[in-house]
Structures are given as structure tokens and as C-alpha cells.
Amino acid sequence: LASLRSMRLPVSGSVELTLDDGGLFRSADFDLTAARGDLVLDEWYDHPIPIADARLRGRYTARSGKLRIDEATLDAGGPKLKLNATISGFGKRLSIVGAAEIDNLPLDDLGGYWPVALSPETRDWVTGNLTGGMIRRVDATINIKPGDLDAPELPDEAIATRIEVEGADVHYLRPLPPVEGVDATVTISGRSEEHTSELQSH
């Protein structure tokens, strides 16, 4: 729960601690909600993420060193995030397994939520060549193994993402004019991106 120090927002809820017979910490079950404020993640972003409200529910087990996030929801005042994950290897070699969904994110705001260090080449292409329109849904599966985050590039299997875009302007070949009003699906793996052939222009 040390990550709560990264929150500049009012937090309420419950934390239930379990101790063994010797009084040593065994586990913590938590169910927390947050109101309007900012989420500060310096290792991922150079700016705070504004939050309208959020909820975090899960369990940390000391013996295994695992944090289980059963439910994480975040409303950024329009875009909404849902996440579940199991995280281990804190302070050593981090492992993250889980899934995430994002709904209703304006395409021009994507760069503010996509960490620069996460698939940087793909991020540069998507944020530089897809403009306007709306991201209706993002589905991501996460399988980051120990050592993956220390490598120059994430392995392809570390993250698989499917992005559904509506009404975008797509710059396929600059300086030619973009194709406007495109509905598209973009699939992204750890270090590559692929565009499906099913594109519709209005």
C-alpha cells in the first residue's frame, strides 16, 4: 500500500490486517475509494493524472510478496479504466499478470495516458499518425515476466492490446493528406503494431 503515497486525492475505505501467532504481518485485505484529485506516478509519467473517482480492492500477502488486485476502476472525467492483476517481485524483478480495459478516450489525449517507456516506437507511431476521433475501447492483456522491464524492449508476449477507434484521421504516408473519418482496429504487442485491414472511412 506504499503506492498510496503517489495519490493526491482523498481516500477512504477499509484495510484489514492479518497477523500470525507471533504478531508478524501476514496479509492485508483492502477496499478503498478515492474522490477527485491527482495520481502521481513519476516512474511512468512526467505529469499527474487527473482523477474524478476511483476504487481499489484486493489483497497483499507477505509470505509470497504478491499483490492481488481484484478490482481497480478509475474515472478520469470521461475515460474509464478497469484493471485486475497479480503483481510480485517488488523491489527486485517485477512480474505483472493481468488484464485492463479503457473506454471513451479521445484519441488526441492518448499520449497523456500512454507511458513513454512502454513500447515507445509503437506509441510514437500511433500518437503521431492517428488524430481526432475517439477510442471507444481498449482491451489489454499483460504478462510481464521478471526482467522484462529491464530489457531495452518488451517481448511481444508481454503486452497484447486491441484498440477500437472511431472517426480518426489516419496519416499513412506523410506529407500526403490523411484519410479522414476512419473507423479502425489496431492491435499492438510488446514491440510491434499491426493494423487490421478492416478500415472504414466516412
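**Exercise 1.** Which glycine takes a positive phi in the hairpin of E8 and E9, and how many residues lie between the strands?

*Solution.* Keep in mind that this is a predicted model. Start with the pairing: E8 and E9 run antiparallel and are joined by nine bridges. One pair to look for is Leu83 with its bridge partner in E9, Ala100. Now go to the connection, where six residues sit between the two strands. The glycine you want is Gly89, with a positive phi near 80 degrees.

**Exercise 2.** Describe how strand E7 is joined to strand E8.

*Solution.* Find E7 at residues 66–75 and E8 at residues 80–88. These strands run antiparallel, with seven bridges between them. Next, check the pair Asp75 and Lys80: Asp75 stands opposite Lys80, which belongs to E8. Finally, look at the turn of this hairpin, which has four residues between E7 and E8. Here Gly77 has a positive phi of about 80 degrees.

**Exercise 3.** Examine the backbone at Asn104 and at the bond between Arg174 and Pro175.

*Solution.* Begin with what to expect: most residues other than glycine have a negative phi, and most peptide bonds are trans. Asn104 is not a glycine, yet its phi is positive, at about 60 degrees. You will find Asn104 in strand E9, residues 95–106. Is Asn104 buried, partly exposed or exposed? Its relative accessibility is 34%, so Asn104 counts as partly exposed.

Then move along the chain to Pro175, in the loop between strand E12 (159–170) and strand E13 (179–188). The peptide bond joining Arg174 and Pro175 is cis, with omega about 10 degrees.

Methods
Residues are numbered from 1 along each chain as its sequence is written. This is a predicted model: local features need pLDDT of at least 70, side-chain atom pairs count only at pLDDT 80 or more; totals for chains, interfaces and linings use all residues. Side-chain values use heavy atoms; hydrogens and water are left out. Buried means under 20% relative accessible area, exposed over 50%, partly exposed in between (1.4 Å probe, protein chains only). Two strands pair if DSSP finds at least two bridges between them.
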